[in-house]
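Here are my notes on the model you sent over. I've kept them as numbered points so you can follow along in the viewer.

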2 protein chains.
Amino acid sequence: MKEYKFDDYREILDEHISDFLPDIDHKSITLYDSMKYSIEAGGKRIRPVLLMASCVFCGGKVEEALPYACAVEYIHTYTLIHDDLPCMDDDELRRGIPSNHMVFGEDVATLAGDGLQSAAFELMFQDMLMYFDEPEELKKRVRAAYEISKGAGCRGVLAGQMADIETQSESCSHEMLDFIHLNKTASLMIASIRAGARLGNPTDEMLKDLTTYGENLGLAFQIADDILDVTGDEKIMGKKAGADSQKDKATYPQIHGLDDSRRKLEELTQNAIEAMSSYYDNAEVLTALAKELANRRY
Amino acid sequence: MKEYKFDDYREILDEHISDFLPDIDHKSITLYDSMKYSIEAGGKRIRPVLLMASCVFCGGKVEEALPYACAVEYIHTYTLIHDDLPCMDDDELRRGIPSNHMVFGEDVATLAGDGLQSAAFELMFQDMLMYFDEPEELKKRVRAAYEISKGAGCRGVLAGQMADIETQSESCSHEMLDFIHLNKTASLMIASIRAGARLGNPTDEMLKDLTTYGENLGLAFQIADDILDVTGDEKIMGKKAGADSQKDKATYPQIHGLDDSRRKLEELTQNAIEAMSSYYDNAEVLTALAKELANRRY
């Protein structure tokens, strides 16, 4: 069996990321163009990679995970498009190029975000239709899609965004900061990992350990992001440094200080690795990813 | 068996419309409040009623259709919230009360729309999980959800909204106007009818006839809307009359004239009724609805 590494998964994803966009009539082709623009703007592709790696870890096939991996990336991308809108974070740059609304206008960007969310669910249903003769396979896919819908929804990403909007940095409690991070960032990562697992044959123990891994990885990811916002290089990141403090966003370094943030990042990364320590097969890509994300420069 | 009328379905819907909103943490409760605000603002509830009526027409149970009926109304409501945003149609009034962003702000309204879309899919998956021991019932629900995702997506409502944004009224062709109406308005009605049918036991013939009914009803509905925008009473409609022409929207009366619009409305309504003419059981609510919508004043 082929052993996949992080970059292998990312290559597969990048090659197929636009395959599942719906056929759009030429009369509304701008919708397609704007969705494709943001989908193909690159990015780290961490959520879909986690989904594929987790699926393979649980004995599933990477090609069967691909539609769900793309769905997760469509959802993540839609949240970024809406997050960049002037009425939200008002970011002109994303992944080193102009944000969606800077190119297509706010109205089209709003629809492109909406379209990517609906496309994500539509493609998962289309995939399910192919497993109507295999009830057990069908159930795996319904479970996987449910995980994604939960992580992306009002008890996940959107809860985090809502709290993020309403919270001023100076009055942000530790508890609230954890809530924002866990929901805004970690929840869709956890959902990706659990969805990938659902597509394989996970034991209860594996699902539990993967969830622990995901929680720690997700929080570590956001703290690393917050640290980079203070210390990072704009050219490497493809977005403005210092943006969080300018926008009065509550961040880990701002609440806990930079030293404590680095210690916390290290601790969470170790926890993530520890959660996978009793497994030999296919866990390496997950532990390597945790280390890589902690040491990233963008 | 109880014979349901339009108002019975609407009452059931209104009674349960908020039951399926996700439990949202108190830290992001504004998201819940804003979603609930628009969901409970009333409206004609035509799509969910069509879904329930079509399900019963095809031998299904109204209580089993309810989650999907609510999902369709969540999706319809999200499109209205986003449509009302300043960057889109910039409408301050909806269903007789201030639009979502006028109460909660544009950022929250954007998230509330996103949240209602994700909640719609989440609740359908939750429903599916309850039918894991009945594969045939599970498949019905996957098919129903797929119909809804298609109608709501980039080959449905969003395609219509996109074309609507890009089309100036003076240069709008007949073909383009039909495209906009069919997608922006009819597609989610057709999807509701087909989804409801999927939850019952439709023959191919029934599914075909219901689709014809839905296409004609959906187009008739939009033409009636366009006519009301010219001739309607603001107080009864709960929104501004004449708004379409002010916004340079292509409408049926503006392209074809008021007389031709009324003729077309009559013709489409007759086609819808005709499509159901060979059925005796439970079709009456559908034909009565077609007549009522053609003669409505709001």
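1. What do the buried residues of α8(A) pack against? Bear in mind that this is a predicted model. Within chain A, the partners are α4, α7 (135-152) and α9. Chain B joins in too, through its α2 and α6. So the surroundings of α8(A) are made up from both chains, judging by that list of partners.

2. Now for the helix itself. α8(A) is mostly covered, with 9 of its 10 residues buried. The buried ones are V157(A), L158(A), A159(A), G160(A), Q161(A), M162(A), A163(A), D164(A) and I165(A). Note that Q161(A) and D164(A) are on that buried list. E166(A) also belongs to α8, which covers residues 157-166. With 16 other C-beta atoms within 10 Å, E166(A) is partly exposed; to count as buried, a residue needs 20 or more. If you want a sense of distance, the C-alpha of E166(A) is 29 Å from that of Y213(A), 47 residues apart along the chain.

3. Two of the partners of α8(A) also meet each other. How do the axes of α4 (residues 62-84) and α9 (residues 174-198) of chain A cross? They come within 10 Å, at roughly 170 degrees. Angles over 145 degrees count as roughly antiparallel, and α4(A) and α9(A) are therefore described that way. From α4(A), the residues involved are A65(A), Y68(A), V72(A), I75(A) and H76(A). Facing them from α9(A) are L188(A), S192(A), A195(A) and G196(A). By type, this contact has 6 nonpolar residues, 3 polar and no charged.

4. Y68(A) turns up again in the largest nonpolar core, which has 198 residues. Along with A220(A), Y68(B) and A220(B), Y68(A) touches the most other members. Leaving out residues up to four places away in sequence, A220(A) touches L265(A), L268(A), T269(A), A272(A), L293(A) and A294(A).

5. On to the contact between the chains. Each side brings 49 residues, from chain B and from chain A. On chain B, the elements giving two or more residues are α2 (29-39), α6 (106-129), α7 (135-152), α8 (157-166) and α9 (174-198). The largest share of that side is 15 residues, and α6(B) supplies it. Sorted by type, the chain B side has 28 nonpolar, 10 polar and 11 charged residues.

6. How are the two copies related? Chain B superposes on chain A after a rotation of 180 degrees with 0.0 Å of shift along the axis, at an RMSD of 0.0 Å. That is the relation of a two-fold axis. For a landmark in chain B, pick P135(B): its C-alpha is the nearest to the axis, 3.1 Å away. The copies meet through the same surface, because 100% of the interface residues of chain B are also interface residues in chain A.

7. One last residue to click on is A112(A), in α6 (residues 106-129) of chain A. Is A112(A) buried or exposed? It has 30 C-beta neighbours inside 10 Å, so A112(A) counts as buried. Setting aside neighbours within four places in sequence, A112(A) contacts L31(A), S34(A), M35(A), S38(A), I81(A), N100(A) and F104(A). I24(A) is 88 residues from A112(A) in sequence, and their C-alpha atoms are 12 Å apart in space.

Terms used: Residues numbered from 1 in each chain as written. Chains lettered and ligands numbered in written order. Predicted model: local features only at pLDDT ≥ 70, side-chain atom pairs only at ≥ 80, totals over all residues. Contact = placed C-beta atoms within 7 Å. Helix = DSSP H or I, 4+ residues; strand = E, 2+ residues; numbered from the N terminus. Nonpolar A, V, L, I, M, F, W, Y, C, P; charged D, E, K, R; others polar. Least-squares fit on C-alpha atoms with pLDDT ≥ 70 in both. Buried ≥ 20, exposed ≤ 12 C-beta atoms within 10 Å, placed from the backbone. Axes fitted to C-alpha atoms, helices over the stretch in contact; angles between N-to-C directions. Parallel < 35°, antiparallel > 145°, perpendicular 65-115°, else oblique. Core = buried A, V, L, I, M, F, W, Y, C linked by C-beta atoms within 7 Å.
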